[in-house]
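Subject: Structure handover

Hello,

Please find the structure we talked about below. Have a look at it first, then read the notes underneath.

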Amino acid sequence: MKVTFLGTGAAIPTVHRGSAAIAVRRKNELILFDCGEATQRQMVEAGVGFHRKTKIFVTHMHGDHVLGLPGLLQTMSLLARKNELQIYGPKGIKDFVEAINQTVPYTLTFPLEIFEVQAGLVCNEKEYQVTAVDSGHMKPSLCYALTEKPRPGRFNTKKAKQLGVPKGPLWSELQSGKPVTLPSGVVVEPESVVGTSRPGRKIVYTGDAGPSEGLVKLAMNADLLIHESTFEDALQERALKDKHSTPTMAAQTAKNAQVKQLVLTHISARYKDANQLLEQAKKTFPDTILAHDFLQLELPMKD
Ligand SMILES: [Zn+2]
Ligand SMILES: [Zn+2]
């Protein structure tokens, strides 16, 4: 799984930071979180591509998180995209996307589905699911968790041969957790040839959010917590008023949720050099990095 930060700024795009958008490439699918202005231009620069099967999860209906959709949908159509695209977001996302199509006419070249979603299970795929909690930033606004389902354990081919299970369909049966009966009448249980199941990976993205118990729960044991950090610690009051976070708030959530790594994003345009934000977070949670546009992180499969 590869995570590419397409836009890491807050509110206003700057020379160095685009508006909120994060691309997760998982197998042959592209999963986007938020779609701020000019996301499609950032995708070109990052070499993300426009044709893959894609899902977009929008956290809330503030411009810096959704205004990239008109351009992205039209670029995809101009490139004659064929694969389906699904957009998930809070109430309002449907009206917005439909208004684009009605007022700036273009011909959509691919199947588009839009889902207005709430906290809870947002989408359930064969190999992963996406869940959400209310972020408290505005009504409605969501934080998302992408959680892979556990993979079956390793298949011990040597043991299978020793037990007299012939290579072929019986191996697949065992791998999928079913007992098999050999021609001799002996029953082989999957546990005797398949190891314990292997955990999936988990990425949590806050969108705009202040601290909350719900977010800590959502982020519990995540491999990667991508957390907004709009203001420095000294502006804590402003952060609380606008329902945003400071580095220390983000780091405290990371610590409470026992995540592996914290990434700070959604950095206010006032910070030319945001290293002070990174230093503030590291005091509470040392495994923190500061996102910049086009930062890429690789999350290897777990054994
Ligand atoms: Zn924002
Ligand atoms: Zn916002």
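The notes below go through the metal sites, two helices, two single residues and the nonpolar cores.

This is a predicted model, in which local features need pLDDT of at least 70 and side-chain atom pairs count only at pLDDT 80 or more, while totals for chains, interfaces and linings use all residues. Residues are numbered from 1 along each chain as its sequence is written, chains are lettered from A and ligands numbered from 1 in the order in which they are written, and side-chain values use heavy atoms, with hydrogens and water left out.

**The zinc ions**

Donors here are N, O and S atoms within 2.8 Å of the metal (3.2 Å for Na, K and Ca); water is not among the atoms, so sites may look incomplete. The zinc ion (ligand 1) has as protein donors Asp64 (OD), His65 (NE2), Asp208 (OD) and His266 (NE2), at 2.1 to 2.3 Å. Along the sequence these donor residues are spaced D-H-x142-D-x57-H. The zinc ion (ligand 2) is held by His60 (NE2), His62 (ND1), His137 (NE2) and Asp208 (OD), at 2.2 to 2.3 Å. Their spacing along the chain is H-x1-H-x74-H-x70-D.

Which residue coordinates both zinc ions? It is aspartate 208, and the two ions, ligand 1 and ligand 2, are 3.5 Å apart.

Four donors count as tetrahedral if all angles lie between 85 and 135 degrees; four count as square planar and six as octahedral if opposite donors are over 155 degrees apart and all others between 65 and 115; anything else is irregular. The site of the zinc ion (ligand 1) is irregular, with angles of 89 to 165 degrees among its four donor atoms. The site of the zinc ion (ligand 2) is irregular as well, its angles running from 91 to 171 degrees.

Helices (H or I, at least four residues) and strands (E, at least two) are DSSP runs, numbered from the N terminus. Histidine 137 lies in the loop between strand E8 (128-134) and E9, and aspartate 208 in the loop between strand E12 (202-205) and H7, so this pair ties together parts that are 71 residues apart in sequence.

Are these donors buried or exposed? Buried means under 20% relative accessible area, exposed over 50%, and partly exposed in between (1.4 Å probe, protein chains only). Histidine 137 is buried, at 10%, and so is aspartate 208, at 2%. Histidine 65 has a relative accessibility of 0% and counts as buried.

**Helices H1 and H3**

In helix H1 (residues 39-46), the residues Thr39, Gln40, Gln42 and Met43 are buried. Seen down the axis of H1, they fall within an arc of 155 degrees (taken from the directions from the helix axis to the C-beta atoms), so they line one face of the helix. Their cover includes strand E1 (2-7), strand E2 (21-26), strand E3 (29-33) and helix H3 (69-78). Glycine 47 follows H1 and has a positive phi, near 70 degrees.

The buried residues of H3 are Leu69, Leu72, Leu73, Thr75, Met76 and Ser77. Just after H3, alanine 80 has a positive phi of about 55 degrees.

**Serine 77 and glutamine 175**

Contact means heavy atoms within 4.5 Å. Not counting residues up to four places away in sequence, serine 77 touches Tyr106, Thr107, Leu108, Thr109 and Phe110. A polar atom of the serine 77 side chain lies 3.3 Å from the backbone oxygen of threonine 107.

Glutamine 175 is in helix H6 (residues 169-175) and is partly exposed, at 28% relative accessibility. The side chain of glutamine 175 reaches the backbone oxygen of glycine 153 at 3.1 Å. The C-alpha atoms of glutamine 175 and proline 190 are 6.8 Å apart, with their positions 15 residues apart along the chain.

**The nonpolar cores**

A nonpolar core is a set of buried Ala, Val, Leu, Ile, Met, Phe, Trp, Tyr and Cys residues joined through side-chain atoms within 4.5 Å. The largest has 29 residues, of which Val204, Leu225, Val259 and Leu262 touch the most other members. Elements giving two or more residues to this core include strand E9 (142-148), helix H7 (213-219) and helix H9 (247-256). Apart from it lies another core, of 28 residues, among them Val24, Ile31, Tyr205 and Leu295.

Regards

How values were computed. A polar contact is a pair of N or O atoms within 3.5 Å; within protein, one must be able to donate a hydrogen and the other to accept it, and residues adjacent in sequence count only if both atoms are side-chain atoms.
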